[in-house]
Amino acid sequence: MKRTGIFGGSFDPVHSGHVRYANFICDKLDLDELIIIPAKLSPFKKTNSVSDNDRLNMCRLVFTDKRMTVSDTEIRRGGVSYTVDTVRELKRQRPTDGLYLFVGGDQLMSFDRWRCFDEILASTVLVAVKRDDSVSREELESFADSRLRRYGKVEIIDFIPFDVSSTEIRERLEKGLSISGLVPEEAEKYILRGGLYRDI
Ligand code: ATP
């Protein structure tokens, strides 16, 4: 069975942490394909700082590994991007793929509040990636056991992240500070050439 990962986010902008993470999960879960899906609008965020096209273009410039595909499906669908809608669409398009949905460890602890979370669990393997000690492995396992695993499979894996966030990149750009080394070179050039994130 083809193993297909789903990695969603705002990518506002994409940074080196995202790329390292994508490589790690492809290797760790032995994925045949990882679909990177920039959200039109995350249910957890109010707005994005640059256009949908800019976010999509930056992702296409940096996720160049042959296993990785950047999808515009959430941007084309419009509105708030609910994961369940994306999972339904992928299941329709790829009925025989095994789908692996990646979320952060902190996101696991409120996963039972995501729209139609039981349907998502029935349709995918949920992989929670623990990136820090804000929640312990015991807490994650116990939450998965008591609230989620009756609906489907949940795996918890550890990852030591490259410590950077899109918020930090936006703040640095607004202050005119360098983002060199924090963002892949192709995305850095795109940002600087377009003057993105200067006045937000
Ligand atoms: P913001 O600072 O705007 O909240 P962000 O840096 O967390 O953004 P998102 O686009 O929201 O970026 O991230 C999408 C997903 O990428 C997150 O759910 C998280 O799992 C993962 N992620 C974010 N930053 C890192 C990082 N430094 N290392 C590994 N994974 C990351």
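The exercises below concern a predicted model and each is followed by a worked solution.

**Exercise 1.** Decide whether T83 and L31 are buried or exposed, and state where each is located.

*Solution.*
Step 1. The cut-off for buried is under 20% relative accessible area.
Step 2. T83 has 19% relative accessibility, so T83 counts as buried. L31 has 4% relative accessibility and therefore counts as buried.
Step 3. T83 belongs to helix 4, which covers residues 83–93. L31 sits in the loop between helix 1 and strand 2 (33–38).
Step 4. Setting aside neighbours within four places in sequence, T83 is in contact with L101, W114 and I120. With the same neighbours left out, the contacts of L31 include R3, T4, Y100 and F102.

**Exercise 2.** Find which residues of helix 9 are buried, which face they line, and what they pack against.

*Solution.*
Step 1. Helix 9 spans residues 185–194, and its buried residues are A187, E188, Y190 and I191.
Step 2. Viewed down the axis of helix 9, these buried residues fall within an arc of 160°, so they line one face of the helix.
Step 3. On the face turned away from the buried side of helix 9 are the exposed residues E185, L192 and R193.
Step 4. The partners of the buried residues of helix 9 are helix 2 (52–62) and helix 8 (166–174), against which they pack.
Step 5. After helix 9 comes G195, with a positive phi near 60°.

**Exercise 3.** Describe the surroundings of the ligand: which residues come nearest, and which elements supply residues of the shell?

*Solution.*
Step 1. There are 21 residues around the ligand, of which F11, K45, F162, S166 and T167 come nearest.
Step 2. Strand 1 (3–9), helix 1 (16–28) and helix 8 each contribute at least two residues to the shell.
Step 3. By type, the shell residues are seven nonpolar, 11 polar and three charged.
Step 4. Next come atom distances. A backbone N or O atom of F11 is 2.9 Å from an oxygen atom of the ligand, and a backbone N or O atom of S166 is 2.7 Å from a ligand oxygen atom. For H15, a polar side-chain atom lies 3.0 Å from an oxygen atom of the ligand.
Step 5. On its own the ligand has 610 Å² of accessible area, and the protein covers 85% of this.

**Exercise 4.** How many residues apart in sequence are L31 and T167, and how far apart are they in space?

*Solution.*
Step 1. In sequence, L31 and T167 are 136 residues apart.
Step 2. From C-alpha to C-alpha, L31 and T167 are 29 Å apart in space.
Step 3. T167 is one of the residues that come nearest to the ligand.

Technical notes:
Residues numbered from 1 in each chain as written. Predicted model: local features only at pLDDT ≥ 70, side-chain atom pairs only at ≥ 80, totals over all residues. Heavy atoms only, no water. Buried < 20%, exposed > 50% of the residue type's maximum accessible area, 1.4 Å probe, protein only. Helix = DSSP H or I, 4+ residues; strand = E, 2+ residues; numbered from the N terminus. Arc of directions from axis to C-beta. Contact = heavy atoms within 4.5 Å. Near = heavy atom within 4 Å. Polar contact = N/O pair within 3.5 Å; in protein donor to acceptor, adjacent residues only side chain to side chain. Areas by Shrake-Rupley, 256 points an atom, 1.4 Å probe, with all protein chains shown as cover. Nonpolar A, V, L, I, M, F, W, Y, C, P; charged D, E, K, R; others polar.
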